[in-house]
Amino acid sequence: MFVRDRFDRFIVSVFPIPTLFDIILGSPEGDRIGTYQDNKLIYGVSAGNETSLLKETVSIAAYGAKWKLEIIANSALIMGARSLLPDIVLFGAQNFEFLRIVQLAELSQNRELLS
């Protein structure tokens, strides 16, 4: 490959685009990914004119190629994503109320003892 400290050769590897993208992207079940070159679908499923809040489009330009990548997330995946914040707030509020009730009970008991 190197002749007198000069790079003189190169290696070419040919991959079928769907196989290459399946390996690289590995999209979760139900997600749809479409890759376009010059507005022609080269991989995935076309989203068509579908409008969705779960759709993202990204333009990629590298080494002379201009691709557009459309990703439409599976709504079940989004619905399954759940934050623990509401549970933490509820648990904290319940503990606060319990401690407040205990404090009021002790205050009431101390008043009875003083009178």
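Four strands form an open sheet in the order 4-3-6-5, with antiparallel pairing. Strand 4 and strand 5 are the edge strands, and each of them pairs on one side only. On average, neighbouring strands of this sheet are turned by 25 degrees against each other, direction ignored. The model is predicted. The chain holds three helices and six strands. Read from the N terminus, the elements run β-β-α-β-β-β-β-α-α.

**Pairing within the sheet**

- Strands of a sheet pair through backbone hydrogen bonds, and the pairing can be parallel or antiparallel.
- Strand 3 spans residues 32-37, and strand 6 spans residues 65-72. Six bridges link strand 3 and strand 6 in the antiparallel sense.
- Tyr-36 has its bridge partner in strand 6: Lys-68.
- Strand 5 covers residues 55-62. Strand 5 runs antiparallel to strand 6, and eight bridges join the two.
- Val-58 stands opposite Leu-69 of strand 6.
- Ile-60 has Trp-67 as its bridge partner in strand 6.

**Turns and loops**

- Strand 5 and strand 6 form a hairpin with two residues between the strands. In this hairpin, Tyr-63 takes a positive phi near 50 degrees.
- The loop between strand 3 and strand 4 (40-44) contains Asp-38. Asn-39 is found in the loop between strand 3 and strand 4 as well.
- Asp-38 is not a glycine, yet its phi is positive, near 55 degrees.
- Asn-39 is not a glycine either, and its phi is positive at about 60 degrees.
- Are these loop residues buried or exposed? Asp-38 has a relative accessible area of 68%, so it is exposed. Asn-39 has a relative accessible area of 69%, so it too is exposed.
- Leu-54 sits in the loop between strand 4 and strand 5. Its relative accessible area is 27%, so Leu-54 counts as partly exposed.
- Leu-54 and Ile-72 are 18 residues apart along the chain. Their C-alpha atoms are separated by 5.6 Å.

**Salt bridge**

- How many salt bridges does the chain have? The count comes to one.
- The side chains of Glu-70 and Lys-68 form it, at 3.8 Å from N to O.
- Glu-70 has 8% relative accessibility. Buried means under 20%, so Glu-70 counts as buried.
- Lys-68 has 28% relative accessibility. That value lies between the limits for buried and exposed, so Lys-68 counts as partly exposed.
- Lys-68 thus appears in two roles: as the bridge partner of Tyr-36, and in the salt bridge with Glu-70.

**Nonpolar surface patch**

- Which residues make the nonpolar surface patch? Leu-84, Leu-85, Ile-88 and Val-89 make it, and the patch has an area of about 420 Å².
- Ile-88 has its place in helix 3, which spans residues 85-114.
- Ile-88 has 54% relative accessibility. Exposed means over 50%, so Ile-88 counts as exposed.

**Whole-chain figures**

- The chain has 115 residues, and 10% of them count as buried.
- The chain exposes about 10100 Å². Carbon and sulfur atoms supply 61% of that area.
- Consider the contacts in the chain with a separation of 6 or more. Residues 24 or more positions apart account for 40% of these contacts.

Notes: Residues numbered from 1 in each chain as written. Predicted model: local features only at pLDDT ≥ 70, side-chain atom pairs only at ≥ 80, totals over all residues. Heavy atoms only, no water. Pairing = 2+ DSSP bridges. Patch = residues over 30% accessible without salt bridge, like charges linked within 9 Å, V, L, I, M, F, W, Y side chains within 5 Å. Areas by Shrake-Rupley, 256 points an atom, 1.4 Å probe, with all protein chains shown as cover. Salt bridge = Lys/Arg side-chain N within 4 Å of Asp/Glu carboxyl O. Buried < 20%, exposed > 50% of the residue type's maximum accessible area, 1.4 Å probe, protein only. Axes fitted to C-alpha atoms, helices over the stretch in contact; angles between N-to-C directions. Contact = heavy atoms within 4.5 Å.
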